[in-house]
Amino acid sequence: MSKYTEQYKDVRWQKLRLEVFKRDDFKCCRCGLEEEVSLNAHHLIYFPNAKPWEYDPEILISLCDDCHETVHEIEPFRRFYGKMLKEVCTAFRVLMEFKCRISELSNKEFGGNKNGD
Ligand SMILES: [Zn+2]
Ligand SMILES: [Zn+2]
């Protein structure tokens, strides 16, 4: 347990998570919160023997503390994902990204344009 926590202090992990945060514009991928201090780089899947920093950034998403907690609560499937192919998890991240965009777009679209076509 404590050994695992130690791994998250590793500079390689710090570097990878920063890369993920940058890619996601330091926003939570689930609720859009922009608060760098509360961001977590969440592993969409886990591989049994991989170190946290050995993952492709594609497999990581930025989540705020609240969303991260929620995702972990509602995600007992995680081990199941671990058995899937990498392509599947990439598709999953694309889906998450798509959701991010949709919420951004709907904020814009529904903000002012109510003229239909
Ligand atoms: Zn959030
Ligand atoms: Zn997580």
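Five bridges, written here as 5 bridges, join β1 to β2, and these two strands run antiparallel to each other. One place where the pairing can be followed residue by residue is L39, which stands opposite C64 in β2. What is shown here is a predicted model, and it is worth keeping that in mind while following the description.

Stepping back from this pair of strands, the chain as a whole contains 5 helices and 2 strands. Reading from the N terminus on, the elements come in the order α-α-β-β-α-α-α, and buried residues make up 18% of the 117 residues in the chain. If one takes the contacts with a separation of 6 or more, 70% of them are accounted for by residues 24 or more positions apart.

With that overview in place, we can return to β2 and ask how it sits among its surroundings. Why can β2 be called largely enclosed by the rest of the structure? The reason is that 5 of the 5 residues of this strand are buried, where a residue is called buried if 20 or more other C-beta atoms lie within 10 Å of its own. Both faces of the strand are covered, since L60, S62 and C64 on one side are buried, and I61 and L63 on the other side are buried as well.

The strand also takes part in the largest nonpolar core, which has 15 residues, and in which C28, L60 and L63 are those with the most contacts inside the core. The elements that give two or more residues to this core are β1 (39-43) and β2 (60-64), and β2 gives the most, with 4 residues. To see the surroundings of one of these residues, the reader can look at L60, which touches V20, A41, H42, H43, L44 and Y55 when residues up to four places away in sequence are not counted.

A contrasting position is E36, which lies in the loop between α2 (11-23) and β1. Is E36 buried or exposed? E36 is exposed, because 11 other C-beta atoms lie within 10 Å, and a residue counts as exposed if that number is 12 or fewer. Even so, E36 touches F21 and F26, again leaving out residues up to four places away in sequence. Finally, E36 can be related to the buried strand described above, for E36 and S62 are 26 residues apart in sequence and 9.7 Å apart in space, taken from C-alpha to C-alpha.

Notes:
Residues numbered from 1 in each chain as written. Chains lettered and ligands numbered in written order. Predicted model: local features only at pLDDT ≥ 70, side-chain atom pairs only at ≥ 80, totals over all residues. Core = buried A, V, L, I, M, F, W, Y, C linked by C-beta atoms within 7 Å. Contact = placed C-beta atoms within 7 Å. Pairing = 2+ DSSP bridges.
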